[in-house]
Amino acid sequence: MSNDAPERRLKGQPVSPGIAVGTLILDARGLNSPQIRTILPTELEQEWKRFESAIARTEEELRLLKERVQRISGATEAAIFDAHLLFLRDRTILAQLRKEMPKRLQNIEAVYYAVVQNFIEVMRQVDDPYLRSRAADVQDVLKRVLRNMEPARTPRVNAPSDGPAVLAAYDLAPSDTADLDQRNILGFVTEVGSSVSHTAILARSLGLPAVVAVPRLILDCRVGQPVILDGYNGILIVNPTDETREYYRALQVEKEKAYRTLVEMRDLPPVTLDGHRVRLAANVEYAHEYSALQRFGAEGVGLYRSEFFLLGNGSSLPGEEEQYEHYRMLAESCSPNEVIIRTLDAGGDKLPFEESAEKEDNPFLGWRGIRVSLSRLDMFKDQLRAILRASAHGKVGVMFPMISGITEVCDTLDVLDECRAELRERGQAYDEHMRVGIMIEVPSAAVMADVLARHVDFFSIGTNDLTQYTIAVDRVNSRVAQMFRPTHPGVVRLIAQTMRAGIPTAICGEMGGDISLVPLLIGLGAHELSMSMHLLPQVRFAVRHLRYSDCVAVAEQALLAEDSHTIRSLSRDLAKKAYPELFD
Ligand code: PEP
Ligand code: MG
């Protein structure tokens with residue numbers, strides 16, 4: 001199909017490979033009219049305060065966007081945001097709002113929405129085509145302000161679309177991503193985001209092409225435009241020409257063929273050319289993945305993120321019985337391979353454990369992971385008993401997230417022992433030899449690895465959080481995404497220190513599935529790499545084309561290097577020499 005509109009390419013960061021062709025749909029959150037709530041005259045001041053802080057947040061967002069666009073596209077393009085910033089403090093609108101608030105006595109977002117919509121209607125009716133076209137900008141500012149007023153209550157993404165579609169959104173929460181209707185949404189693109197956010201991780205496990213951090217995305221796109229999303233190179237092509245379509249059709253065929261060839265090698269052991277064996281396991285979030293594990297050659301599940309099952313159904317947590325049935329099914333479908341079930345890791349950028357929980361200023365440093373479990377013992381014990389009982393039906397291991405030191409390890413092991421005793425009393429079976437491990441993802445745990453190793457059977461290094469906490473870079477903040485470097489020498493030395501503790505150690509962060517970094521991780525001593533199952537075929541190919549001795553040499557040099565760039569290059573150069581075909 002040819003079309004007359006010129007082709008445009010918007011560049012972002014690729015976070016999940018693949019190509020999606022379809023029409024663009026927009027995540028319309030914030031454009032829906034907000035719920036109306038009546039307020040008392042005494043609440044007026046409070047409402048103004050909420051409004052002021054939403055305006056301040058929006059102002060900050062727009063300033064950042066302006067800076068970024070200026071850097072990438074120049075001052076002319078960035079000027080649009082000056083208009084947005086001016087509108088945000090528009091005196092006529094604010095005066096109107098002041099007048100309407102005491103008259104209507106409704107929540108301020110409802111009144112603001114009504115006032116701005118009125119303004120938009122007037123703009124749409126004027127003769128001047130330029131002014132008419134600015135109505136979309138005002139709408140955009142309105143959307144941003146509303147989103148900043150009620151971030152927690154915004155409705156989930158819905159995708160009314162008949163044919164294949166690509167979803168564009170300012171941002172997507174992991175729960176939105178999990179909700180996407182994959183029958184017609186073939187990929188997504190967002191204005192903000194980063195490659196190690198849980199949204200990106202879920203995209204990879206769903207096999208959904210995704211691109212994040214595209215400046216001006218929401219402004220520059222319109223619903224219904226034909227698009228191609230290139231998840232390999234991080235490009236959204238709007239109004240592709242026939243030639244571009246043809247190019248992508250051919251690329252898709254070629255990539256799929258190459259990938260199928262790799263998948264067919266699933267039964268070949270992941271052994272280096274000089275005989276060093278590495279285990280390759282899968283990170284799993286969804287039940288539909290269980291049956292596909294063997295197809296991709298997973299030697300078990302290295303990380304089962306149980307929070308997606310536990311918190312995915314909204315209202316209440318499944319009880320012990322329901323969890324037991326679920327983990328049992330998981331264990332049986334992986335048998336004879338092992339499944340490592342990680343206990344609830346709520347908080348951070350994932351779902352909160354309790355909707356009512358106080359909003360935290362620093363959720364990644366707050367009530368997250370094992371801290372939640374140890375303060376909700378009934379819930380924790382339900383999960384532990386369910387895991388123990390499932391261990392009677394297959395090979396199951398358990399591990400604990402966000403461990404920061406020995407006290408948490410000992411407290412957790414005590415609770416586990418209590419659960420074992422309760423099951424013995426009930427006469428219910430479990431595997432006496434179930435392996436018990438901890439995540440190493442907080443720097444203090446890496447530093448103390450030799451001590452912690454005396455208490456558990458294995459470690460699994462969560463490089464996403466380990467990087468975030470070691471170099472103090474928020475893993476989901478696109479403003480600092482450039483600084484998020486798992487090859488930072490500080491992170492690499494902590495990984496090496498963890499390995500020196502001498503117990504079996506896996507890597508289960510996103511770094512483990514990066515073909516450029518496989519040499520470094522093997523050289524540092526990783527026994528197992530665990531990753532989104534779609535990445536397994538290429539990592540298997542990578543392992544089989546490396547020499548362990550070369551990997552060790554790379555790791556030795558990396559531990560002497562001063563910066564992340566040098567470390568990445570050392571590993572990548574070896575990777576490119578050993579398996580150039582994976583870099584085409
Ligand atoms: C990690 O932090 O690297 C990890 C594997 O855990 P999650 O991504 O679920 O926080
Ligand atoms: Mg983590």
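**Buried, bound and unusual: asking how we know**

User: Why is Leu524 called buried?
Analyst: Leu524 has 10% relative accessibility. Buried means under 20% relative accessible area, exposed means over 50%, and partly exposed is in between (1.4 Å probe, protein chains only). The value for Leu524 falls under 20%, so buried is the right word.

User: What kind of model is this, and how are things labelled?
Analyst: It's a predicted model, where local features need pLDDT of at least 70 and side-chain atom pairs count only at pLDDT 80 or more, while totals for chains, interfaces and linings use all residues; side-chain values use heavy atoms, with hydrogens and water left out. Residues are numbered from 1 along each chain as its sequence is written, and chains are lettered from A and ligands numbered from 1 in the order in which they are written.

User: How do you know how confident the predictor is?
Analyst: Look at pLDDT, the predictor's confidence in each residue, from 0 to 100. The protein averages 89, and 92% of the residues score at least 70. Residues 152-160 stay under 50, though the model still gives them 17 contacts beyond four places in sequence.

User: What makes Leu524 part of a helix, and which residues does Leu524 touch?
Analyst: Helices (H or I, at least four residues) and strands (E, at least two) are DSSP runs, numbered from the N terminus. Leu524 belongs to helix α21, which covers residues 518-524. Contact means heavy atoms within 4.5 Å. Setting aside residues up to four places away in sequence, Leu524 touches Val492, Ile495, Ala496, Met499, Ala555 and Leu559. Leu524 and Ile495 sit 29 residues apart in sequence, with 7.6 Å between their C-alpha atoms.

User: What makes Glu441 and Asp465 donors of the magnesium ion?
Analyst: Donors are N, O and S atoms within 2.8 Å of the metal (3.2 Å for Na, K and Ca); water is not among the atoms, so sites may look incomplete. Glu441 (OE) and Asp465 (OD) lie 2.0 to 2.1 Å from the magnesium ion, ligand 2, and that is within the 2.8 Å limit. Glu441 is in the loop between β13 (435-440) and α17 (443-447), and Asp465 is in helix α19 (residues 463-470), so the pair ties together parts that are 24 residues apart in sequence.

User: Are those two donors buried or exposed?
Analyst: Glu441 is at 2% relative accessibility, so Glu441 counts as buried. Asp465 is at 3%, so Asp465 is buried as well.

User: How do you know which residues are near ligand 1?
Analyst: A residue is near a molecule or strand if one of its heavy atoms lies within 4 Å of it. There are 17 residues around ligand 1, and Arg305, Arg342, Gly462, Asn464 and Arg475 come nearest.

User: What makes the link between Arg475 and ligand 1 a polar contact?
Analyst: A polar contact is a pair of N or O atoms within 3.5 Å; within protein, one must be able to donate a hydrogen and the other to accept it, and residues adjacent in sequence count only if both atoms are side-chain atoms. A polar side-chain atom of Arg475 is 2.8 Å from an oxygen atom of ligand 1, which is within that limit. On the backbone side, an N or O atom of Asn464 is also 2.8 Å from a ligand 1 oxygen, and for a polar backbone atom of Gly462 the distance is 3.4 Å. Ligand 1 taken alone exposes 290 Å², and the protein buries 100% of that. These accessible areas come from the Shrake-Rupley method with a 1.4 Å probe; for residues, only the protein chains shown count as cover.

User: What is Ile201 in contact with?
Analyst: Leaving out neighbours within four places in sequence, its partners are Val196, Glu285, Arg305, Asn464, Arg475 and Glu510. Ile201 sits in helix α9 (residues 198-206), and its relative accessible area is 3%, so Ile201 is buried.

User: What makes Ala213 and Ala472 stand out?
Analyst: Most residues other than glycine have a negative phi. Ala213 has a positive phi of about 60°, and phi of Ala472 is near 55°. Ala213 is in the loop between β6 (210-212) and α10 (217-220), and is buried at 17% relative accessibility. Ala472 is in the loop between α19 and α20 (489-500), and its 68% makes Ala472 exposed.

User: What kind of peptide bond joins Ser335 and Pro336?
Analyst: Most peptide bonds are trans. The bond joining Ser335 and Pro336 is cis, with omega about 10°. Pro336 is in the loop between α13 (320-334) and β11 (338-342).

User: Why is Asp82 called partly exposed?
Analyst: Asp82 is at 32% relative accessibility, in between the two cut-offs, so partly exposed fits. Asp82 is found in helix α3 (residues 80-88).
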